[in-house]
Amino acid sequence: MNKFQLAERIADKVGISKKAAEQAVEVFLGTVIKAMKNGDKVSLTGFGTFEARVRHARTGVNPQNPSEKIQMPEILVPKFKAGKTLKDTLKNRGE
């Protein structure tokens, strides 16, 4: 499912226009991204937690020339930890 299909489903379930649902999805995503960029966690109880973590600088290998070592800089990366309700729902999907 892509962003447009998600907005369509939200519009159908809630009874709002597709345009309003698309705007809601955009606002949600923008809010989560901005919070993560500012170092905040976004926790949705039962669903999961979004956060940005620092991946420390390290030495890597150039894939085009495996004998060459390269320095990889420190970078912020997104992390998602699934909540209990989401995990349990997916684990019990066959029941």
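**View 1. I16 in the loop between α1 and α2****.** I16 is partly exposed, with a relative accessible area of 36%. The model shown here and in the other views is predicted. I16 belongs to the loop that joins α1 and α2. Leaving out residues up to four places away in sequence, I16 touches A11 and A21.

**View 2. A nonpolar surface patch that includes I16****.** M1, L6, I10, V14 and I16 together make a nonpolar patch on the surface. The patch covers about 440 Å². One of its members, L6, sits in helix α1, which spans residues 3-14. L6 has a relative accessibility of 35% and therefore counts as partly exposed. I16, another member of the patch, comes from the loop between α1 and α2. Its relative accessible area of 36% also places I16 in the partly exposed class.

**View 3. The salt bridge between E26 and K3****.** The structure holds 4 salt bridges. In one of them, the side chains of E26 and K3 meet at 2.7 Å, N to O. The pair links distant parts of the chain. E26 belongs to helix α2 (residues 18-37) and K3 to helix α1, and the two are 23 residues apart. E26 is partly exposed, because its relative accessibility is 43%. K3 is partly exposed too, with a relative accessible area of 42%.

**View 4. The salt bridge between K18 and E8****.** The closest N and O atoms of K18 and E8 are 3.4 Å apart. K18 lies in helix α2 and E8 in helix α1, so this salt bridge ties together parts that are 10 residues apart in sequence. K18 has a relative accessible area of 40%, so K18 is partly exposed. E8 is also partly exposed, at 23% relative accessibility. The cut-off matters for E8: buried means under 20%.

**View 5. The salt bridge between K84 and D88****.** Here the closest N and O atoms are 2.6 Å apart. Both partners lie in helix α3, which runs over residues 84-91. K84 and D88 are 4 residues apart, about one turn of the helix. Their accessibility classes can be read side by side. K84 is exposed, with a relative accessible area of 61%. D88 is partly exposed, at 25%.

**View 6. G30 in helix α2, set against K84****.** G30 lies in helix α2. G30 is partly exposed, with a relative accessible area of 35%. From G30 to K84 the separation is 54 residues in sequence. In space, the two residues are 25 Å apart, C-alpha to C-alpha. K84 itself is exposed, its relative accessible area being 61%.

**View 7. The largest nonpolar core****.** This core has 5 residues in all: V32, A35, M36, V42 and F50. Helix α2 gives the largest share, 3 residues. In soluble globular proteins, nonpolar side chains tend to be buried together. A35, a core member, is in contact with D40 and V42, leaving aside neighbours within four places in sequence. V42 is itself part of the core.

**View 8. E51 in strand β2****.** Strand β2 covers residues 48-55 and includes E51. E51 has a relative accessible area of 15%, so E51 is buried. Its side chain makes a polar contact with the side chain of R53, at 3.1 Å. Neighbours within four places in sequence aside, E51 is in contact with M36, D40, K41, V77, P78 and K79. Among these contacts, M36 is a member of the largest nonpolar core. D40 is also a contact of A35.

**View 9. N62 in strand β3****.** N62 belongs to strand β3, residues 58-62. N62 is buried, because its relative accessible area is 15%. A polar atom of the N62 side chain lies 2.9 Å from the backbone nitrogen of Q64. Not counting neighbours within four places in sequence, N62 is in contact with E68 and I70.

Key:
Residues are numbered from 1 along each chain as its sequence is written. This is a predicted model: local features need pLDDT of at least 70, side-chain atom pairs count only at pLDDT 80 or more; totals for chains, interfaces and linings use all residues. Side-chain values use heavy atoms; hydrogens and water are left out. Patches are made of residues with over 30% relative accessible area and no salt bridge: like charges are joined within 9 Å, nonpolar side chains (Val, Leu, Ile, Met, Phe, Trp, Tyr) within 5 Å. Accessible areas come from the Shrake-Rupley method with a 1.4 Å probe; for residues, only the protein chains shown count as cover. Buried means under 20% relative accessible area, exposed over 50%, partly exposed in between (1.4 Å probe, protein chains only). A nonpolar core is a set of buried Ala, Val, Leu, Ile, Met, Phe, Trp, Tyr and Cys residues joined through side-chain atoms within 4.5 Å. Contact means heavy atoms within 4.5 Å. A polar contact is a pair of N or O atoms within 3.5 Å; within protein, one must be able to donate a hydrogen and the other to accept it, and residues adjacent in sequence count only if both atoms are side-chain atoms.
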